[in-house]
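Here are a few notes to read with the model open beside you. Take them one at a time and find each spot as you go.

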Amino acid sequence: ETFMEKNVYRDGMKDDINRFLASCYTRCGNGKSAVEIYDGLIEKDAEDPMLYMDRATAKAQMGMIDEAKADFDKAINLDRGNYERILEIAQILDSVGEKEIGIAYLAEVPGMTSAEIDQVLQGRILYFMEEYQGAVDLLSNYRGADEEAVLILCRSYIALDNTKAATEVIEQYGDIAQSSPTLLGLLGSIRMKQEKYDEAAEAFEQGLRAAQAGTDEMRTLMYNRAVAYEYMGDFEKAKELFTSYLEQYSGDEDARHELEFLRTR
């Protein structure tokens with residue numbers, strides 16, 4: 001291993017650490033520090049679209065929308081035809097209250113009948129744009145075994161207030177649903193709306209068996225499972241589940257209030 005090779009290795013590892021650190025700053029709301037790190041990384045590699053995406057995200061969270069758009073534009077120009085990235089930009093802008101600007105970006109995406117764009121991605125874009133019937137029309141004829149397609153189709157039906165059709169889709173793709181904590185959580189939410197609390201609890205239980213420990217999905221499923229038992233009238237079980245939940249997520253005030261309420265039952 002030559003001296004130059006050692007330096008390349010060390011510099012590469014340092015850049016990876018800086019990327020991770022900048023990402024942590026962004027997630028913690030310290031966009032200024034994140035941007036400073038990305039500035040340095042971009043000086044070294046001005047052709048990496050993800051660096052511009054990440055810096056734009058930090059800027060958008062700081063309310064620097066025009067500056068973020070300049071970085072988003074750079075990322076798009078460095079990777080023309082990456083429509084997945086354009087949807088991601090729209091979702092980031094939506095997360096900071098700028099959905100209309102995000103929709104304007106999606107105007108760059110070819111029409112929904114274009115062969116240039118994957119059918120599932122078309123459905124995701126239609127759902128984002130709240131064109132729920134369009135997403136249903138597109139994906140109800142989709143023949144692939146794709147969890148994302150099933151999820152978008154179900155959410156579109158729910159947005160159209162057609163929980164019956166959403167349930168039928170989940171049942172139709174049973175094998176996919178049984179291994180998807182997201183779909184099982186969705187089914188549980190549907191059952192809650194239908195006041196079928198025992199079936200909701202069962203769906204949430206199945207979702208937890210499929211979920212990975214420590215994920216946001218697992219946290220949501222744990223919380224919703226406890227709520228389902230509460231609505232079933234099984235207050236002892238609900239207290240037990242909320243107590244267990246709070247052992248892992250002690251800062252959740254909603255769960256704490258639920259537990260205090262249950263102690264009076």
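1. Let's begin with what sits around helix 9. Its buried residues pack against helix 7 (119-128), helix 8 (132-139), helix 10 (163-172), helix 11 (174-178) and helix 12 (181-193). Keep in mind that this is a predicted model.

2. Which residues of helix 9 are buried? They are A149, V150, L151, I152, L153, C154, S156, Y157 and I158. Try colouring them in your viewer.

3. You can check the length of helix 9 yourself. The helix covers residues 147-159, which makes 13 residues, and at 1.5 Å a residue it should span 18 Å. The C-alpha atoms at its ends are 18 Å apart, so the expected span and the model agree.

4. Now look at the two ends of helix 9. At its start, a side-chain oxygen of D146 comes to within 2.8 Å of the backbone nitrogen of E148. After the helix comes D161, with a positive phi, near 65 degrees.

5. Next, a charged residue: is D71 buried or exposed? You'll find D71 in helix 4 (residues 65-78). Its relative accessible area is 5%, and anything under 20% counts as buried, so D71 is buried. The side chain of D71 has a polar contact of 3.2 Å with the side chain of K59. Leaving out residues up to four places away in sequence, D71 touches Y52, R55, A56 and K59.

6. R191 makes a nice second case, this time in helix 12. With a relative accessible area of 11%, R191 is buried. What does its side chain make a polar contact with? The partner is the side chain of E199, at 3.1 Å. Again leaving out residues up to four places away in sequence, R191 touches T167, E171, K196, E199 and A200.

7. Zoom out to the whole chain. How many helices and strands does it have? There are 16 helices and zero strands. The C-alpha trace spans about 65 × 45 × 40 Å along its principal axes. Of the 265 residues, 44% count as buried. If you take contacts between residues at least 6 apart in sequence, 45% of them join residues at least 24 apart.

8. Last, the surface and the charges. The chain's accessible surface is about 14600 Å², and 46% of that belongs to carbon and sulfur atoms. The chain carries 29 positive and 52 negative charges, and the mean positions of these two sets are 3 Å apart.

Terms used: Residues are numbered from 1 along each chain as its sequence is written. This is a predicted model: local features need pLDDT of at least 70, side-chain atom pairs count only at pLDDT 80 or more; totals for chains, interfaces and linings use all residues. Side-chain values use heavy atoms; hydrogens and water are left out. Helices (H or I, at least four residues) and strands (E, at least two) are DSSP runs, numbered from the N terminus. The expected span of a helix is 1.5 Å times one less than its number of residues. Buried means under 20% relative accessible area, exposed over 50%, partly exposed in between (1.4 Å probe, protein chains only). Contact means heavy atoms within 4.5 Å. A polar contact is a pair of N or O atoms within 3.5 Å; within protein, one must be able to donate a hydrogen and the other to accept it, and residues adjacent in sequence count only if both atoms are side-chain atoms. Accessible areas come from the Shrake-Rupley method with a 1.4 Å probe; for residues, only the protein chains shown count as cover. Lys and Arg count as positive and Asp and Glu as negative; His and the chain ends are not counted. The place of a charge is taken as NZ of Lys, CZ of Arg, CG of Asp or CD of Glu.
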